[in-house]
Each structure stands twice: as structure tokens, then as C-alpha cells.
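Me: Please choose one part of this model and go through it closely, in the detail a computational chemist would want. I would prefer one connected account to a list of separate remarks.

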Amino acid sequence: MANTVEWPVRLYLVEEDGTTKARVELRTGTTTLTGHGTARCSPEDRDVPEIGDEIAAGRAVRDLAGQLLRVADSDLEGVGAAPPRREHRVAYGWTDAMA
């Protein structure tokens, strides 16, 4: 049997002095998650508020997506179905073995 659930999402944008801040809230019924994003206009660039809105909102939604995936990973772990943990690797630089 199919099950449909609706999770309301609200996105708030505030622009001030060339900086746009975004906050996105997701309510699941049991949890509320909040993502944040910021965009700054370079002093050399023409101020186009719509672009700042898009960048800040995109960053806030990406932050929210990361949080939601971490919650899902934690929930999977809680029921014994967690994916294998990845090793944390150094992206660049000297490792202890090379020193």
C-alpha cells in the first residue's frame, strides 16, 4: 500500500549591504532541521540581488541535505543497517609515513 507524506519546507532570504543570508527549515513531523547559506557580492561586481538569493538559497539547501543524510545514516546505524564507515583520508600534504 502506498504512503504519501508531506514535509513542509520554508526558505527565508535576507539581503543587507551586499550580503544575502538564507535559512531553510524542514519539518518532518518529528524533527525540524535548519540549513544556512550565505552569499556575498564582490565589490567589483554589479549587485544583482537575484543571484545572491540563488547562491545563498542553494548553499542553505545543500547544508540541509547534508544534515538530512547524516540523520538517515544515524537512523540506519540505530537499526543495524548502517553502510560501512569510510576512512578519513588526508586530501593533500605530508602524511606521518612520509615525514
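Reply:
**The paired strands and their charged side chains**

Read from the N terminus, the elements of the protein follow the order β-β-β-α, which amounts to three strands and one helix. The model is a predicted one, and the values below should be read with that in mind. Of the 99 residues in the protein, 17% are buried. The part examined here is the set of strands, with β2 as the starting point.

On one side, β2 pairs with β1 (residues 9-16), and the two run in the antiparallel sense over eight bridges. Within this pairing, Val9 has Leu26 of β2 opposite to it. The two strands make a hairpin with two residues between them, and Asp17 is located in that loop between β1 and β2. Asp17 counts as exposed because its relative accessible area is 73%, which lies over the 50% cut-off. The backbone of this residue also deserves attention: Asp17 has a positive phi of about 55 degrees although it is not a glycine. Most residues other than glycine have a negative phi. On the surface, Asp17 is gathered with Glu15, Glu16 and Asp47 in a patch of negative charge.

On the other side, β2 (19-27) is followed by a loop that leads to β3, and β2 and β3 are antiparallel strands joined by nine bridges. This pair is again a hairpin, with four residues between the strands. In the turn, Gly29 has a positive phi of about 105 degrees; here the residue is a glycine, whereas the turn residue of the β1-β2 hairpin, Asp17, is not. Gly29 counts as exposed, because its relative accessibility is 77%. Although Gly29 and Glu6 are separated by 23 residues in sequence, their C-alpha atoms lie 9.2 Å apart in space.

The β3 strand (residues 32-40) has two faces that can be told apart by their cover. Leu33, Gly35, Gly37 and Ala39 form the covered face, while Thr32, Thr34, His36, Thr38 and Arg40 form the uncovered one. In a regular strand, side chains alternate between the two faces of the sheet. Two residues of the uncovered face help to connect β3 with the charged residues discussed next: Thr34 stands opposite Glu25, and Thr38 is the bridge partner of Lys21.

The search of the whole structure finds two salt bridges, and Glu25 takes part in one with Arg23 and in one with Arg27. In the contact between Arg23 and Glu25, the N to O distance is 3.1 Å, and between Glu25 and Arg27 the closest N and O atoms are 3.4 Å apart. Arg23, Glu25 and Arg27 are thereby linked in a network of salt bridges. The accessibilities of these residues are not alike. Glu25 is classed as buried because its relative accessible area is 13%, which is under the 20% cut-off. Arg23, at 33% relative accessibility, is partly exposed, and Arg27 is also partly exposed, at 44%.

A patch of positive charge is found on the surface as well, and Lys21, Arg40, Arg59 and Arg62 gather in it. Patches are made of residues without a salt bridge, so Arg23, which has one with Glu25, does not qualify under this criterion. The same criterion excludes Arg27, whose salt bridge is also with Glu25. Arg40 belongs to β3 and is exposed, since its relative accessible area of 66% is over 50%; this residue also lies on the uncovered face of the strand.

Taken together, β2 has an antiparallel partner in β1 and another in β3. Glu25, with Thr34 of β3 opposite, links Arg23 and Arg27 in the salt-bridge network, whereas Lys21, whose bridge partner in β3 is Thr38, belongs with Arg40 to the positive patch.

Conventions. Residues numbered from 1 in each chain as written. Predicted model: local features only at pLDDT ≥ 70, side-chain atom pairs only at ≥ 80, totals over all residues. Heavy atoms only, no water. Patch = residues over 30% accessible without salt bridge, like charges linked within 9 Å, V, L, I, M, F, W, Y side chains within 5 Å. Areas by Shrake-Rupley, 256 points an atom, 1.4 Å probe, with all protein chains shown as cover. Salt bridge = Lys/Arg side-chain N within 4 Å of Asp/Glu carboxyl O. Lys, Arg positive; Asp, Glu negative; His and termini not counted. Charge placed at Lys NZ, Arg CZ, Asp CG, Glu CD. Buried < 20%, exposed > 50% of the residue type's maximum accessible area, 1.4 Å probe, protein only. Pairing = 2+ DSSP bridges.
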